[in-house]
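Here is a short tour for someone meeting this structure for the first time. Take a look at it, then read on.

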Amino acid sequence: MREAWTIATKDLRRRLRDRSAILVALVLPLGLAYIFSLTLGDVETQGFEATYAVVNRDTGGHLPDEFTALLEGLDFVTLREASSAGEADSLASDGEIDAAVVFPDGFTEGVEAGRGGEITVIGAPEATISALVADSIATSFASDLDAIGLSVATAAGPGSTIDDQLVTRAQAVAPGAEIRSAGADDRTVSQSTFFAIGMAVFFLFFAVEFGVRGLLEEREGGTLSRLMVAPISPGSIIGGKALASLVVGLVSTTLLVIATTWLLDATWGDPLGVVLLVLGGVLAAVGVTALVATLATTTAQAGAYVSIVAVVGGLLGGTFFPISQAGFLGTIRFLSPQGWLMEGFQELAYGGGVSDIVWPLAGILVIAAVTGAIAWTRSKRLVAR
Amino acid sequence: MTSRDVDGDPAPVLSCGNLRKTFGERVAVDDVGFTIAPGETYGLLGPNGAGKTTTISIVCGLLTRDEGTVTLQGRELDTGTVDVKAEIGYVPQEVAIYPDLTARENMRFFGKLYDLGGRELDARIGRVLETIGLADRADERTDAFSGGMKRRLNIGLGLLNEPTLLVLDEPTVGVDPQSRNAILDSVEVLAREGMAVLYTTHYMEEAERLCDRVGILDEGVLRAEGSHRELISLVGEHDRLHIESRGDLTAAATAAAAVPGVDEAIPRDGGIDVLARDVRASLADIVRAVDGSGTGIVSMEVDEPNLEAVFLHLTGKALRDEE
């Protein structure tokens with residue numbers, strides 16, 4: 001370990017003398033995050049508007065009214081009248097509305113009696129995102145109703161008759177009874193936060209790559225043979241390189257988190273969650289770039305390979321543009337560590353805690369472990385010929 | 001105290017035998033073996049591609065071998081060996097230094113890898129910098145150094161751990177004559193101080209000047225080894241003394257031929273050519289004999305057989321390509 005640290009400190013000293021390193025690790029991500037948030041800052045927050053209709057066929061029921069009230073409370077939503085599902089469907093087809101939410105007859109009664117009910121969301125073909133938002137709001141509303149139904153059923157016991165009074169009491173006390181808005185309002189982070197996260201994640205892979213391609217650099221410079229004749233194990237040489245990358249990744253990302261918070265007013269969220277994601281992200285970045293570097297025979301080639309992986313992974317993972325969680329892109333973004341990192345960091349920025357980033361963190365750590373193990377094995381072959 | 005073998009000779013610092021290394025179908029080193037005693041400088045002489053670097057890469061534990069043994073100070077050495085490598089000072093063929101670090105920083109880094117630190121490391125760095133003549137440039141970045149200075153630092157890094165065995169892989173390739181002389185002087189000093197040296201070169205003059213024993217390597221095979229004199233005698237070469245004379249050249253040649261140790265003397269090119277096993281040992285007698293024959297001596301030139309000739313004799317080809 002001492003030898004690995006000696007090698008790492010030497011690499012870090014050399015890295016510090018290379019001004020391009022500071023440029024890539026700090027200046028570029030901070031600068032680009034600032035520029036992007038300036039130039040694209042108002043597009044989404046001011047530009048996103050949706051027109052919805054609520055079709056209330058639930059005569060005498062109060063739940064459709066509650067849902068309508070919820071929509072009226074969202075400042076990006078404009079409500080239109082629609083008396084039937086057919087009318088809503090034609091409005092959506094004509095592009096008059098982005099989506100309609102249909103409550104069938106007897107919906108409130110069915111929910112309150114524990115039989116459940118069905119809400120239908122009709123989306124306009126041209127308004128995918130707006131329709132997804134409507135679907136998300138309706139799903140959240142339905143989830144709350146499930147919670148109410150479950151509370152009442154638990155209080156009444158199997159086979160009991162559920163009366164209105166009990167339902168009202170359950171609504172008053174059950175944690176899930178308060179309808180939680182899941183609209184675009186609170187699932188969208190500010191542009192400065194988004195680009196702070198995106199640029200930090202994107203450039204992390206460039207910041208750490210110097211260390212992992214350092215073995216090739218040592219070989220080309222002739223110093224690898226000198227290291228190999230020294231009384232140290234091959235593992236110390238590889239470990240030293242990885243250690244230097246880890247330090248650079250951790251320091252640069254931490255500085256970026258602090259700098260973007262102060263300078264760009266970015267909101268990173270739960271500090272513990274951020275620390276865990278930064279650690280996992282740096283490990284994954286080192287693992288992935290190290291693996292890619294072992295496929296190359298020269299440092300120039302390694303640099304090119306790493307750049308390709310960093311750019312493709314960054315685009316795929318949504319570091320430059322938000323990627324919808326649904327659909328093909330939403331699924332394949334998790335092939336890249338950047339996708340997992342963006343998911344995790346955005347979850348924290350939405351206000352989530354450590355428990356909300358378990359899966360992103362697990363995904364990142366799995367990628368780090370797998371790529372790191374393969375890279376270690378391949379690097380040892382390079383060092384011990 | 002130097003350990004000794006059963007014959008009372010100092011135990012070799014390095015002993016390797018039956019080394020074999022192949023790269024695919026190509027045999028790079030085949031059945032190579034030699035020993036180096038304390039204070040001895042052993043030269044591996046051969047043209048480019050002869051297997052010199054492969055051999056020392058195996059000796060230094062840089063390269064796995066297919067067959068054979070390497071022991072350093074009686075301890076087995078291989079790529080996975082760690083501790084025994086502390087006995088080796090390695091000077092690779094290419095300049096292996098960090099250009100963005102100063103000479104002192106380079107030395108400090110490599111010194112730490114040899115578990116050196118504190119005042120001891122500082123003292124060693126100071127001594128080595130003096131030895132290689134870079135004390136006044138120690139705190140300059142090495143990318144500002146001349147080629148010769150870089151070469152000297154390259155050697156200095158190999159001395160930092162005060163090795164038992166110093167391995168130099170063609171350290172003077174591409175070096176100006178002045179720096180080359182400085183490097184050769186340094187190696188001679190180190191050998192006199194008792195360091196065992198393994199020196200590879202394709203410069204015959206360097207091998208002749210530095211090495212107590214020379215192994216002639218060609219196409220991965222050790223064709224012959226021994227001292228300079230042993231190698232010369234191995235192929236039956238003679239020293240040649242040309243005496244430019246005035247007078248009866250036949251009488252002079254007859255007189256010279258009668259001197260013990262002289263094998264042949266013949267009139268040639270306004271003088272006589274005298275062939276002897278060791279012309280320097282017989283030189284005084286030859287001069288007296290020629291002078292006694294009544295022939296005037298104008299000038300003399302000794303032409304001793306060299307390793308170039310030995311190499312040519314053993315392999316049928318020149319030691320190095322035209323440069």
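Helices here are DSSP runs of at least four residues and strands are runs of at least two, numbered from the N terminus. One thing to keep in mind throughout: this is a predicted model.

## Chain A at a glance

Let's start with chain A, which has 385 residues, 51% of them buried. The chain holds 18 helices and four strands. How do its contacts spread along the sequence? Among contacts between residues at least 6 apart in sequence, 76% join residues that are at least 24 apart.

## Helix H1 and what surrounds it

Helix H1 of chain A covers residues 2-17. How far apart are its end C-alpha atoms? They sit 23 Å apart, which agrees with the 22 Å that 16 residues should span at 1.5 Å a residue.

Plenty of this helix is tucked away: among the buried residues of H1(A) are A:Glu3, A:Ala4, A:Ile7, A:Lys10, A:Asp11 and A:Arg14. As background, an α-helix has 3.6 residues a turn, so residues three or four places apart point the same way. What do the buried residues of H1(A) pack against? In chain A the partners are helix H2 (19-39), helix H10 (191-212), helix H11 (214-221) and helix H13 (234-263), and helix H2 (103-113) of chain B joins them.

## A salt bridge between H1 and H13

Over all chains, the structure holds 34 salt bridges. One of them pairs the side chains of A:Lys241 and A:Asp11, with N and O 2.8 Å apart. This pair ties together distant parts of the chain, since A:Lys241 belongs to helix H13 of chain A and A:Asp11 to helix H1 of chain A, 230 residues apart. Are these two residues buried or exposed? Both A:Lys241 and A:Asp11 are buried.

The story doesn't stop with two residues, though. A:Lys10, A:Asp11, A:Glu218 and A:Lys241 are linked in a network of salt bridges.

## The second largest pocket

Next up is an open space in the model. The second largest pocket has a volume of about 370 Å³. Of the 22 residues lining this pocket, A:Ile238, A:Ala290, A:Ala375, A:Trp376 and A:Ser379 are the closest to its centre.

Which helices supply the lining? H11, H13, helix H14 (271-294) and helix H18 (358-383) of chain A each give at least two residues. The largest share, eight residues, comes from H18(A). Sorted by class, the lining has 15 nonpolar, four polar and three charged residues.

## A buried glutamine

A:Gln338 is found in helix H17 of chain A, which covers residues 337-349. With a relative accessible area of 1%, A:Gln338 counts as buried, because the cut-off is under 20%. What does A:Gln338 touch, leaving aside its neighbours within four places in sequence? The contacts are A:Val201, A:Phe205, A:Val309, A:Ala310, A:Gly313, A:Gly314, A:Gly317 and A:Thr319.

## Strand-to-strand salt bridges in chain B

Over in chain B, the side chains of B:Arg213 and B:Glu225 meet in a salt bridge, 3.7 Å from N to O. B:Arg213 sits in strand S9 (residues 213-218) of chain B and B:Glu225 in strand S10 (residues 221-226), 12 residues apart. B:Arg213 is buried at 18% relative accessible area, whereas B:Glu225 is partly exposed at 35%.

A second bridge joins B:Asp273 and B:Arg240, whose closest N and O atoms are 3.2 Å apart. Here B:Asp273 comes from strand S13 (residues 271-276) of chain B and B:Arg240 from strand S11 (residues 239-246), with their positions 33 residues apart in sequence. B:Asp273 is buried at 3% relative accessibility, while B:Arg240 is partly exposed at 28%.

## Two loop residues with positive phi

Most residues other than glycine have a negative phi. B:Gln73 has a positive phi, near 55 degrees, without being a glycine. B:Gln73 lies in the loop between strand S4 (67-72) and strand S5 (75-76) of chain B, and is partly exposed at 39% relative accessibility.

B:Glu219 also isn't a glycine, and its phi is positive at about 50 degrees. Where is B:Glu219 found? This residue is in the loop between S9 and S10 of chain B. At 52% relative accessibility, B:Glu219 counts as exposed.

Definitions and conventions. Residues numbered from 1 in each chain as written. Chains lettered and ligands numbered in written order. Predicted model: local features only at pLDDT ≥ 70, side-chain atom pairs only at ≥ 80, totals over all residues. Heavy atoms only, no water. Expected span 1.5 Å × (residues − 1). Buried < 20%, exposed > 50% of the residue type's maximum accessible area, 1.4 Å probe, protein only. Contact = heavy atoms within 4.5 Å. 1 Å grid on protein atoms, 1.4 Å probe; cavity = no way out; pocket = protein on both sides within 12 Å on 5 of 7 lines; lining within 4 Å. Points joined across faces, edges and corners; volume = space filled by probe spheres on them. Nonpolar A, V, L, I, M, F, W, Y, C, P; charged D, E, K, R; others polar. Salt bridge = Lys/Arg side-chain N within 4 Å of Asp/Glu carboxyl O.
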